[in-house]
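User: Could you take a close look at the aromatic rings in this model, and at the backbone around them? I would enjoy a connected account rather than a list.

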Amino acid sequence: MATASASAFRLLPCSFQFRSHNNYYHPIPKSFNLRFPRRHNTVCVSISNTNVRTNPNDLVASLLSKVVQTDGGVLLQKEEHKEVAEVVQELQKYCVKEPVKCPLIFGDWDVVYCSQPTSPGGGYRSAIGRVFFKTKEMIQVVEAPDIVRNKISFTALGFLDGEVSLKGKLKALDSEWIQVVFEAPELKLGSWKAQYGGQSEVKLRITYVDEKIRLGLGSRGSLFVFQRI
């Protein structure tokens, strides 16, 4: 009797159902094995309906769909943060060799996500701060050769427009890590403005950059997603 080879057929997940003794059809699970006896050998076919994204454009689209309109990540649940981290981990594999030297890092960026919502904006983005200050946008501008400008725009007490801005100097530490030393922040509330506090310093690892997004990892583990404006 002739035997069929494993390559002689294709199995499509949508074409299979299981029927029980009472003729009720059950949909297939996400993954299962079919075993076909062939003398002393076994042909094993694994079928999965899980979508695997390996194209960087698809990963970018998937990531943006998860983080845009989430108030910088504040509205996401724990499991959703985990999903973001998984896509980021996969996308990082496509990062250019020396992202610090890539000219794509320059430009205007919208901070659309942070795994720790208080990292960008400090007290203004804390749980209490968000009660009094409703964030409108978080922008980072990276100007060649070494200037960084951060700005958080908000509405205070529901009626007063304001913003906090910082200007810093960028320094490359290696092929992936940068350091930015910021001057004292400036606060604007309506027509009133003042400078307060002192200098601050941050370190960030650039883990991916292209024409649409930039990914960063802070020295304390915060994950950032920037979308080009």
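Analyst: Happy to; here is a walk through the rings, then the backbone. Since this is a predicted model, local features need pLDDT of at least 70 and side-chain atom pairs count only at pLDDT 80 or more, while totals for chains, interfaces and linings use all residues. Residues are numbered from 1 along each chain as its sequence is written, and side-chain values use heavy atoms, with hydrogens and water left out.

A pair of aromatic rings is described by the distance of the centres and the angle of the planes. Here, rings of Phe, Tyr and Trp (its six-membered ring) pair if their centres lie within 6.5 Å; planes under 30 degrees apart are stacked, over 60 edge-to-face, and the rest tilted. That rule gives 2 aromatic pairs.

One is F133 with F154, an edge-to-face pair with 5.1 Å between centres and 85° between planes. F133 belongs to strand β6 (residues 133-143) and F154 to strand β7 (residues 147-156), so the contact ties together parts that are 21 residues apart in sequence. Helices (H or I, at least four residues) and strands (E, at least two) are DSSP runs numbered from the N terminus. With buried meaning under 20% relative accessible area, exposed over 50% and partly exposed in between (1.4 Å probe, protein chains only), F133 is partly exposed at 23%, whereas F154 is buried at 2%.

The other pair, F224 and F226, is stacked, at 6.0 Å centre to centre and 15° between the planes. F224 is buried at 13% relative accessibility, and F226 is buried at 3%.

F226 also has a charged neighbour: the charged end of R214 sits over its ring, 4.0 Å from the centre. To count, NZ of Lys or CZ of Arg must be within 6 Å of the ring centre and within 35 degrees of the ring normal. R214 lies over the face of W109 as well, 4.9 Å from that ring centre.

Now the backbone. Most residues other than glycine have a negative phi, and most peptide bonds are trans. Back at the strands of the edge-to-face pair, P145 lies in the loop between β6 and β7, and the peptide bond from A144 to P145 is cis, with omega near 5°. In the loop between β7 and β8 (160-172) comes L157, a non-glycine residue with a positive phi of about 60°; L157 is exposed at 59% relative accessibility. D71, in the loop between α1 (56-67) and α2 (78-91), has a positive phi too, near 55°, and is partly exposed at 32%.
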